[in-house]
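This report walks through helix packing, charged pairs, backbone outliers and a surface patch. Have the coordinates open while reading.

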Amino acid sequence: QIASLVAVSINGEAAGAFALADPLKPDSAEAIARLHAHGIGVYILSGDNAATVSHIANALGIDSPHAHGNQSPRSKADFIAQLKAQGRSVAMVGDGINDAPALALADVGFAVRGSTDIAEHSADAVLVRQSVNQLADGIFIARETLKNIKQNLFFAFIYNILGIPLAAFGLLTPVIAGAMMAMSSVSVLGNALRLKKFQAR
């Protein structure tokens with residue numbers, strides 16, 4: 001079973017049934033693979049039946065133990081709480097009312113543009129495009145930015161650290177001090193500008 005079944009009755013008698021299934025976004029599997037490649041675990045928490053969720057997980061390359069169906073809003077939030085209790089940093093992506101508690105509980109909650117109002121208000125950020133790839137891009141850019149900040153702190157302090165012994169021995173002339181200050185500023189600026197060429201993919 002790869003769809004959610006909805007039965008229709010008229011005056012208590014069965015009149016028909018519908019099989020409802022959402023098509024996967026073309027780039028979803030690629031986005032999941034990118035996250036896995038960077039050591040990021042991916043879970044599915046869905047209110048759909050377990051068979052449907054397992055089928056979707058298989059199509060996306062997500063391990064079966066990480067796919068959870070028949071999830072209520074409370075069980076989604078409880079699962080997020082369990083991951084956090086294990087010391088993990090948790091990001092949650094959701095778009096419905098039943099995702100709101102989990103979005104609010106996660107370390108970072110992402111709603112998808114066009115989600116319900118309560119989902120967007122519960123989230124920390126809204127994905128402009130309905131694509132998990134956009135989330136992956138954001139994570140990788142954030143990681144690169146943090147690394148860049150640490151590098152810039154090194155550049156900012158290394159020249160001062162080198163200058164202290166020179167000043168202590170009277171070897172730090174105004175010309176050398178000015179040159180070191182300029183080199184520090186240029187190093188920080190040049191390193192920061194590298195982010196403009198960073199390609200998340």
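Helices here are DSSP runs of H or I with at least four residues, strands are runs of E with at least two, and both are numbered from the N terminus. The model is predicted.

**Two loop asparagines**

Start with the backbone. Asn-70 lies in the loop between β4 (67-68) and α3 (73-85). Its phi is positive, about 55°, although Asn-70 is not a glycine. Why does that deserve a note? Most residues other than glycine have a negative phi. Asn-70 counts as exposed, because its relative accessibility is 55% and the exposed class begins over 50%.

Asn-11 also has a positive phi of about 55° and is not a glycine. Its place is the loop between β1 (4-10) and β2 (13-20). With a relative accessible area of 78%, Asn-11 is exposed.

Ser-72 lies in the loop between β4 and α3, the loop that holds Asn-70. Ser-72 is partly exposed, at 33% relative accessible area. From Ser-72 to Ala-14 the C-alpha distance is 27 Å, and the sequence separation is 58 residues.

**Helices α1 and α6**

How do α1 and α6 pack? Helix α1 covers residues 28-37, and its axis lies 8 Å from that of α6, at an angle of about 25°. Angles under 35 degrees count as roughly parallel, so α1 and α6 are roughly parallel to each other. Their crossing is left-handed.

A charged pair joins these two helices. Arg-34 forms a salt bridge with Asp-137, and the closest N and O atoms are 2.8 Å apart. Arg-34 sits in helix α1 and Asp-137 in helix α6, so the pair links distant parts of the chain, 103 residues apart. Buried or exposed? Arg-34 counts as buried, at 12% relative accessibility. Asp-137 counts as buried as well, at 14%. The buried class is under 20% relative accessible area, which means that both values fall inside it.

**Salt bridges**

How many salt bridges does a search of the whole structure find? It finds four. Three of them are tabulated here, including the pair between α1 and α6.

| Pair | Closest N to O distance | Relative accessibility |
|---|---|---|
| Arg-34 and Asp-137 | 2.8 Å | 12% and 14% |
| Lys-84 and Asp-107 | 3.8 Å | 31% and 40% |
| Glu-144 and Lys-147 | 3.6 Å | 17% and 42% |

Take the pair of Lys-84 and Asp-107, a salt bridge with its closest N and O atoms 3.8 Å apart. Lys-84 lies in helix α3 and Asp-107 in the loop between α4 (100-105) and β6, so the pair ties together parts that are 23 residues apart in sequence. Lys-84 counts as partly exposed, at 31% relative accessibility. Asp-107 is partly exposed too, at 40%.

Glu-144 and Lys-147 both lie in helix α6. Their separation is three residues, about one turn of the helix. The two side chains meet in a salt bridge of 3.6 Å, N to O. Glu-144 counts as buried, at 17% relative accessibility. Lys-147 counts as partly exposed, at 42%.

**A nonpolar surface patch**

Which residues make the nonpolar surface patch? Leu-146, Ile-149, Leu-153, Phe-157 and Ile-161 do, and the patch measures about 490 Å² by computation. Leu-146 lies in helix α6, which spans residues 132-168. Leu-146 counts as partly exposed, at 46% relative accessibility. Patch residues need over 30% relative accessible area, so Leu-146 clears that cut-off.

**Strand β6**

Strand β6 covers residues 108-112 and holds Gly-109. Gly-109 counts as buried, with 0% relative accessibility. Ser-122 is 13 residues from Gly-109 in sequence, and their C-alpha atoms are 7.4 Å apart.

Val-112 is found in strand β6 too. Val-112 is buried, at 17% relative accessible area. Between Val-112 and Ala-123 there are 9.4 Å, C-alpha to C-alpha, and they are 11 residues apart in sequence.

Notes
Residues are numbered from 1 along each chain as its sequence is written. This is a predicted model: local features need pLDDT of at least 70, side-chain atom pairs count only at pLDDT 80 or more; totals for chains, interfaces and linings use all residues. Side-chain values use heavy atoms; hydrogens and water are left out. Patches are made of residues with over 30% relative accessible area and no salt bridge: like charges are joined within 9 Å, nonpolar side chains (Val, Leu, Ile, Met, Phe, Trp, Tyr) within 5 Å. Accessible areas come from the Shrake-Rupley method with a 1.4 Å probe; for residues, only the protein chains shown count as cover. Buried means under 20% relative accessible area, exposed over 50%, partly exposed in between (1.4 Å probe, protein chains only). Axes are lines fitted to C-alpha atoms, for helices over the stretch in contact, and angles run from 0 to 180 degrees between N-to-C directions. Angles under 35 degrees count as roughly parallel, over 145 as roughly antiparallel, 65 to 115 as roughly perpendicular and the rest as oblique. A crossing is left-handed if the near helix is turned anticlockwise from the far one by less than a right angle, and right-handed if clockwise.
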